[in-house]
Amino acid sequence: MMQAALYALPILFLTIFYLYPLLAILRVSFGASLTEAMEQASAALRAPGFWRVLWFTTWQATVSTLLTVLVGLPLAGVFARFDFPGKGVMAALLTVPFVMPTVVVAPAFLALIGRNGLLNAWLQRLLHLDAPPIQLEQTIWLILLVHVFYNVAIVIRTVGGFWSALPPTLAEAAAALGASPQRRFWTVTVPLLAPSLIAASLLVFLFCFTSFGVILILGGLRFATLEVEIYRQAVSYFNLPMAAFLSIVQLFFTFTVMALYTRVQARLSRTLRLRRRAFARRPASWRQWAVVGLALTATFIGVLSPLVALAVRSFTLGDGGPTLVYYQALGENLRQSAFFAPPITAVRNSFVYALATLAISLPLGVIASYALAQSRSRWAAILDPLLLLPLGTSAVTLGFGYIVAMGPLRASPWLAPVAHSLIALPFVVRTFLPALRALDRRLREAASTLGADPLQRWWTIDAPLLLRALLISAAFAFAISLGEFGATLLIARPDRPTMPLVIYRALSQPGLMNYGQALAMSTILMASTALSILLIERFRLPQGEEF
Amino acid sequence: MLEVRAIHKRFAPDKEVLQGVSLTVEPQEILCLLGPSGCGKSTLLRIIAGLERADQGRVLLNGSDITETPAHRRNVGLMFQDYALFPHLNVAENIAYGLRMHGAPASERRRRVGEMLALVNLEGYAHRSVDDLSGGEQQRVALARTLAPNPTLLLLDEPVANLDRLLREELIEALRRILKRLQVTTLFVTHDQEEAFALADRIAVMRAGRLEQVDAPASLYRRPANTFVAAFLGFRNLLPILEWRGAHAVRTPIGTFDLPERDAARSAVGARLLIPPDAAVLDSAPSGAAHVPLVGRVVAATFRGSVFRLQVALEGSGEDGMLYFEFRTRGRERLPGQGEPVRLWLDTTQMCVVKEA
């Protein structure tokens, strides 16, 4: 009874704060009657922007995915096949893009290679140029570049993890049977990696398909994905039926991709479980060392240079030397600013929301994990798909759903942490559940035979092993809440902006001062997120998480 | 056929796994590399296959130097301990893989796959997934795949180590039958001397990166070159030689023995006298003159099926007087109990002197 009441909690939460808003979107989209629904749909399909947006969304996601695989595959190979000093640091670095919010990464790339970026400033001074030589701002290239930055870690983690478990004897057997290195790669390695490559590609495609912050900040008015268009229709034009229709189209795509992904993923984890063994070894020749060195250097520069540029620019933007003026400005209530309160209060708001997100998502996630761990229970049968769906639902859609569904609750300051919790919940479960499942039954049995009573057993075996997973889950939830942009943009109260909102608003205002403030706030958010990453890396689990 | 010359290989500055190994395998011969794990035998195999580079030394196949030839151009078949069957290909595709790499046309591949399946008794398995096979079936598919492109030389790395005991013996016999029928030159690696005895024409015993002895199984068993080889083959009665009395007789802690002429020549420092476990007769005096009587007490008796083993402490000989023997079980009501006195007659013609390793 007690157990049933507990297990019902996450289901209740997901029903109220996920399924209900989704249904509300459907209702808005299709109106009161079938004829009305048909009319609205055909009107939307005839709207000139629709096909353009859908086409752009699809092709940029496809190209981003291809580029990401192209960059990620060699790095995954190095990661899978070699052991080298600095490998742990490299792994930790790859967590950075995964967790860094878009409102940090997009300004970071502007700070590195934008018009006023560090690189342009250096090149101009070095080569005595009048105009900045790198002109990527407001181009598709910058968007693609940031998408690669974001998602390359997914390819490296997924494909690399799978690759490292492939016995090298397979390729060696092919060699002994007369296959040249190229043929070995194409006839053995690639077919064997295919499921993991497909899984990684699907996930990358999904993330790029629903890309929001990156496009909104870096694309200006020229580029719009479905996600951006939903936001514009809902907020700028207040065309709720159109926004709802676009949401449905996007949900159709994301759910399809998500369904494919889970199927491939299930097969993957099954094969991986069979032989969880790593075959990495030290580079044996100077050529292999060179490859490893190159990969390591590329990772260091690729991950760190935008972030370092962001921090540097936040202290030096403009002509002068080092300055704290942008940070000081965060504490003032500027005349032309779009805020009701000094921007610095957003730091407090963000942290309060993040703590509230922890308070909601951790207990719910742990309860859901225990329900799912009993894989044959009917709770698991309900929860499993219910927990997957939010992963395939974009943040803007969710925020939009809250706008149309929550009525008077819409103005509640609690709505933001609730949305954050909903987004964080699948991550919490996906971190905690594997640890729970990996708790080897024999460890408990061994403890029992060594004389531990059930309580002692829980305290000495379960607790220490699960504590790490809980800490990582907490760090993830915290970082997700701190950086959440899409949903917050739609539902946060104007008098309680979070750090991402301040950054976005400051970026969309003209003037160096606003830009500098955006960089300063981004740097603060980056530092806060880095704390979460440190926590994640410090407690990383041997069995890894599934995403 | 295969000639390996002074191979050196170092994985770390202080870890030289091969210290100048030289070896020749004759055409159609089955040669076994026998040694404990970590002795470098698998590394040597991988160097011959071209999967590992030697730091020094040459590998010659049919007289031509293949030291620098990449693995896929050597036509040397290698069967892995874990079989390394391609999980994305079915049985027939696995077997055809090497033929495909060598550019054999489809009809030829089909014919050859059928032949190979028949050879390893797996007709009808062509379209099975390799994941659905039992361990023994996987082993046979791996063998078929390795043999399909007609390798000049066959290398087997612990070919039956992953199987259970009964299946192992059966497959070893089948393996020898197949290899002899195809007359393929084979070098195989194992740590199990029974496997080596059953399969090999000659055995090369390896220790810590060096070859200790290369000999036919029977000669190896009868005359191990040194105490390491003897101990690795399972001999436990290795008595210190205290003194040589003339060219033929040795004094040991348990007595003085007259040896056959051929052994007397081997008077090396630190040599030991080897008494095989089957060199003793229990209870009744044998007829031959070469038997020396001994008296002792049973320390332990273990029943092993057709034979039983006795650990005997000889009277008044201290620690070196502990000997291990095997006797036939047939015709015996009960094993001698612990502490029981026993009389033994040792056959001196079966003893030999082995050098200190």
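This is a short tour of aromatic rings, charges over rings and one helix packing in a predicted model.

Begin with the rings of Phe, Tyr and Trp throughout the structure, where a search over all chains finds 25 aromatic pairs. From these, select A:Phe50 and A:Phe245, whose ring centres lie 5.7 Å apart and whose planes meet at 50°, so the pair is classed as tilted. Colouring by secondary structure places A:Phe50 in helix α3 of chain A, residues 48–81, and A:Phe245 in helix α12 of chain A, residues 240–274, so this pair ties together parts that are 195 residues apart in sequence. With a surface switched on, consider how each partner is covered: A:Phe50 has 3% relative accessibility and counts as buried, and A:Phe245, at 11%, counts as buried.

Next, move to chain B and select B:Phe86 together with B:Tyr97, a pair with ring centres 4.8 Å apart and planes at 55°, so it is again described as tilted. B:Phe86 belongs to the loop between β6 (76–79) and α2 (91–101) of chain B, whereas B:Tyr97 lies in helix α2 of chain B, so the pair ties together parts that are 11 residues apart in sequence. B:Phe86 is buried, its relative accessible area being 0%, and B:Tyr97 counts as buried at 0% relative accessibility. Keep B:Phe86 in view and add B:Arg145, the charged end of which sits over the ring of B:Phe86 at 4.5 Å from the ring centre.

For a charge over a ring in chain A, select A:Lys87 and A:Phe79: the charged end of A:Lys87 sits over the ring of A:Phe79, 5.4 Å from its centre. Then select A:Phe205, A:Phe209, A:Phe252 and A:Phe253, which form one aromatic cluster.

Finally, return to B:Tyr97 and display helix α2 of chain B alongside helix α9 of chain A, residues 181–209; α9(A) and α2(B) pack at an angle of about 155°, with their axes 13 Å apart. How are the two helices directed relative to each other, roughly parallel or roughly antiparallel? Angles over 145 degrees count as roughly antiparallel, and α9(A) and α2(B) are therefore roughly antiparallel to each other. Looking along the line of sight from one helix to the other, note that α9(A) passes α2(B) in a right-handed crossing. To see the contact itself, show side chains for A:Arg183, A:Arg184, A:Thr187 and A:Val188 on α9(A), and for B:Tyr97, B:Arg100 and B:Met101 on α2(B). B:Tyr97 thus appears in this contact as well as in the ring pair with B:Phe86.

How values were computed: Residues numbered from 1 in each chain as written. Chains lettered and ligands numbered in written order. Predicted model: local features only at pLDDT ≥ 70, side-chain atom pairs only at ≥ 80, totals over all residues. Heavy atoms only, no water. Phe/Tyr/Trp six-rings, centres within 6.5 Å; stacked < 30°, edge-to-face > 60°. Helix = DSSP H or I, 4+ residues; strand = E, 2+ residues; numbered from the N terminus. Buried < 20%, exposed > 50% of the residue type's maximum accessible area, 1.4 Å probe, protein only. Lys NZ or Arg CZ within 6 Å of the ring centre and 35° of its normal. Axes fitted to C-alpha atoms, helices over the stretch in contact; angles between N-to-C directions. Parallel < 35°, antiparallel > 145°, perpendicular 65-115°, else oblique. Left-handed = near helix turned anticlockwise from the far one by under 90°. Contact = heavy atoms within 4.5 Å.
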